[in-house]
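User: I'd like to go through the charged pairs in this one with you. Can you show it to me first?

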Amino acid sequence: MVTDPGRGFEPATGDGADVPGGRREAGLRTAYEGLLQIRRLVNGPAGAGVPAPWEVARPARAVALVLEAAGITPSAVDEEGRRTRTGYRVAAAGAGRVEVTWVGPPGGGAAGEEQERLTACAAALEELGWVCLLYRGPRGRRFLEVEAPR
């Protein structure tokens with residue numbers, strides 16, 4: 001995910017190619033500061049801790065932006081879709097919910113890190129008003145379910 005002049009900054013969801021820093025870091029800073037400014041304008045001065053309507057309408061994009069801005073590493077894939085880096089993966093889960101998982105290349109140790117890393121993801125998201133619940137899936141892997149407060 002890169003900055004596209006026609007679309008703006010695309011936060012890393014963990015399903016894209018590994019993108020080096022440089023201009024990306026500047027775009028990330030600008031996008032995150034924009035998110036906070038929109039919250040202040042829409043929700044009032046004390047509203048920076050509550051997701052704005054545009055975030056609620058695009059929760060996967062908003063959650064990915066918060067995680068990347070918090071300095072948490074996104075996963076990455078190569079051209080064939082194989083995982084090349086361990087990190088978070090954000091995916092829409094339906095009905096305004098997002099699922100955050102901790103994934104990586106086979107044998108890379110992602111499963112052993114997931115509770116600690118997903119707890120860090122939850123802390124970053126909860127600080128900005130998102131509601132996070134940590135679950136254990138059918139194969140014993142943990143995941144976060146994230147949604148805006150009701």
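Analyst: Here come some questions about salt bridges and burial. The model is predicted, so local features need pLDDT of at least 70, side-chain atom pairs count only at pLDDT 80 or more, and totals for chains, interfaces and linings use all residues. Residues are numbered from 1 along each chain as its sequence is written, and side-chain values use heavy atoms, with hydrogens and water left out.

User: Why is the contact of Arg-89 with Asp-15 called a salt bridge?

Analyst: The term needs a side-chain nitrogen of Lys or Arg within 4 Å of a carboxyl oxygen of Asp or Glu. In this pair the closest N and O atoms are 2.8 Å apart, so it fits. The structure holds 11 salt bridges.

User: What makes Arg-89 and Asp-15 a tie between parts of the chain?

Analyst: Arg-89 sits in strand β3 (residues 87–94) and Asp-15 in the segment before α1 (23–43), so the pair joins parts 74 residues apart in sequence. Helices (H or I, at least four residues) and strands (E, at least two) are DSSP runs, numbered from the N terminus.

User: How do you know that Arg-89 is partly exposed?

Analyst: Buried means under 20% relative accessible area, exposed over 50%, and partly exposed in between (1.4 Å probe, protein chains only). Arg-89 has 28% relative accessibility, so it counts as partly exposed. Asp-15, at 32%, counts as partly exposed too.

User: What about Glu-68 and Arg-24: buried or exposed?

Analyst: Both Glu-68 and Arg-24 are buried. Their side chains meet in a salt bridge at 2.9 Å, N to O. That pair links distant parts of the chain, with Glu-68 in helix α3 (residues 59–69) and Arg-24 in helix α1, 44 residues apart.
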